[in-house]
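Good morning, everyone. Let's put the model on the screen and walk through it.

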Amino acid sequence: MATDASAYEEMLKGLWRENPTFVQVLGMCPMLAVTNSATNALVMGLATLFVLVGSSLLVSSFKRWIPKQVRISLYIIIIATFVTVVDYSLLALVPAIHKELGAFIPLIVANCMILGRQEAFASKHSIKYAVMDAIGMSLGFLIALLALGSVREILGSGSLFNVDLFGANFEPWVIMILPPGGFLTLGLLLLFFNWFTERRKQFLLKVAQADQSVAIVGVKDNG
Amino acid sequence: MSQSKNYEQEPSSNRLVASMAIAGFISGVIIIAIYLATFNTIKDNKARELRQAVFKVLPNVSYMQKLYFENNTLVIAKSDGMDDDMIFAGYDKQGKFIGYAIQGKGAGFQDTIHLLFGYLPEKQLMTGMAILESRETPGLGDKIFKDMHFVGEFVNHLMKQAIKAVKKGTKSHDYEIDAITGATISSKAVVRLMNAAFNRWSPKLSPLGQEPVFQMSKQTQGSLDSSQIQPESPNIQIGK
């Protein structure tokens, strides 16, 4: 099933190759603001997943009836509706976490990653691809949020998901849970991500060269 | 010719308006539906939080009377919910007045802090405090309700003069309390809000040791009505 494989590919690209945070550097506001603990990062990631998948599904389903002159406002109406649903649901179900995330749940409306996916992908592709793309992108976003949130919580509070890791003698590195810690950690993670990608590229290049020389040797041998 | 064809392909303004209106209408219906669906849960959550806080800061109380200060006197608040201008008078099982739960609200380090503290006018004693709402920095400022030493500082604190937060370990007077290391601003904000709330309310309350007098006959006492707050499940609390 070629189509299934390519739909799967649409999902995978969001996780690494086109990761919304590490490659596209979108949605930085929640990335820096709510990643002071892993729990906050997880809830924000799940909320974004719900909004992005729902919006992509609707935008892709109704793309034929959305006039392009008013498309941005229609996308925003769709996104804002999903965000309101998330906002009230969190407030009713997990009031404590809603309190910590505060103003950043309503601000999902303005997450450029979500509007960007509607404009760049969902409005041009079939429902299946749009949903797979949305799942991949939001999982990539979730991974990035969790990476940042975990690093900051471990260093800044000595715990992970509120579970104490180091005991009472741990002196927390408080700057990590303050805004500067967000920038520091994000910078270091971006550095690591790009370093790793670069290394992988070099490695693949070397493999390709080696293959080529083997092939050349093979040709010579044959000759 | 081709130009007029292009114009024909443009959707009419009626269609644009219609698509916006339909989207807005559907969105509105969904938003109102989710608002109504979650309204009661959210209201219950808030009420439960307040109820727990009120009975936590003022121990040995079996019900609370919601009061307002109007025209130089305390009057019974008949509203269902609660607002910032309310004060709570606590009574024991026999209907004897015990003390007040007083609210304070104001700027913290990041956002508004909303707190509640219990006060026994007879002994001029603060019996404890609870933070109802705050968005202080997780891991630092949120210690104002997570750090049990800090919260404990306000249990049985004598209110002869304004509270002062000092650096941890340098406490030398009764009216001083230990601030939280790394969250000095949040600690000082809590103390400032308490002093402000105390100064606002103490002249309006009845003189030392006297029961609050309010403008309505106390016939409602003991019965369940919206002006009173009962603990969540008194049977369990007393039985166990």
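Start with the contacts inside chain A. Take those with a separation of 6 or more: 74% of them join residues 24 or more positions apart. Keep in mind that this is a predicted model.

Now the elements. Chain A has eight helices and two strands. Follow the sequence and the pattern reads α-α-α-α-α-α-α-β-β-α. So much for the order; next, the dimensions. Along the principal axes, the C-alpha atoms of chain A fill a box of roughly 75 × 60 × 30 Å.

What about the surface? Chain A has 223 residues, and 41% of them count as buried. The area that chain A exposes is about 11500 Å². Carbon and sulfur atoms supply 71% of that area.

On to the partner, chain B. How many residues does each chain bring to the contact? Chain B brings 26 residues, and chain A brings 23 residues. An interface is often sized by the accessible area lost when the parts come together. Here, chain B and chain A bury about 2200 Å² between them. Carbon and sulfur atoms give 70% of that buried area.

Which helix of chain B gives the most to the side that touches chain A? That is helix H2, residues 13–57, with 16 residues. By type, this side of chain B splits into twelve nonpolar, nine polar and five charged residues.

Last, the specific pairings. Three residue pairs are in polar contact between chain B and chain A, with both partners at pLDDT 80 or more. Salt bridges across this interface number zero by the rule used.

That's my tour. Thank you.

How values were computed:
Residues numbered from 1 in each chain as written. Chains lettered and ligands numbered in written order. Predicted model: local features only at pLDDT ≥ 70, side-chain atom pairs only at ≥ 80, totals over all residues. Heavy atoms only, no water. Contact = heavy atoms within 4.5 Å. Buried area = accessible area lost by both parts, 1.4 Å probe. Salt bridge = Lys/Arg side-chain N within 4 Å of Asp/Glu carboxyl O. Polar contact = N/O pair within 3.5 Å; in protein donor to acceptor, adjacent residues only side chain to side chain. Helix = DSSP H or I, 4+ residues; strand = E, 2+ residues; numbered from the N terminus. Nonpolar A, V, L, I, M, F, W, Y, C, P; charged D, E, K, R; others polar. Buried < 20%, exposed > 50% of the residue type's maximum accessible area, 1.4 Å probe, protein only. Areas by Shrake-Rupley, 256 points an atom, 1.4 Å probe, with all protein chains shown as cover.
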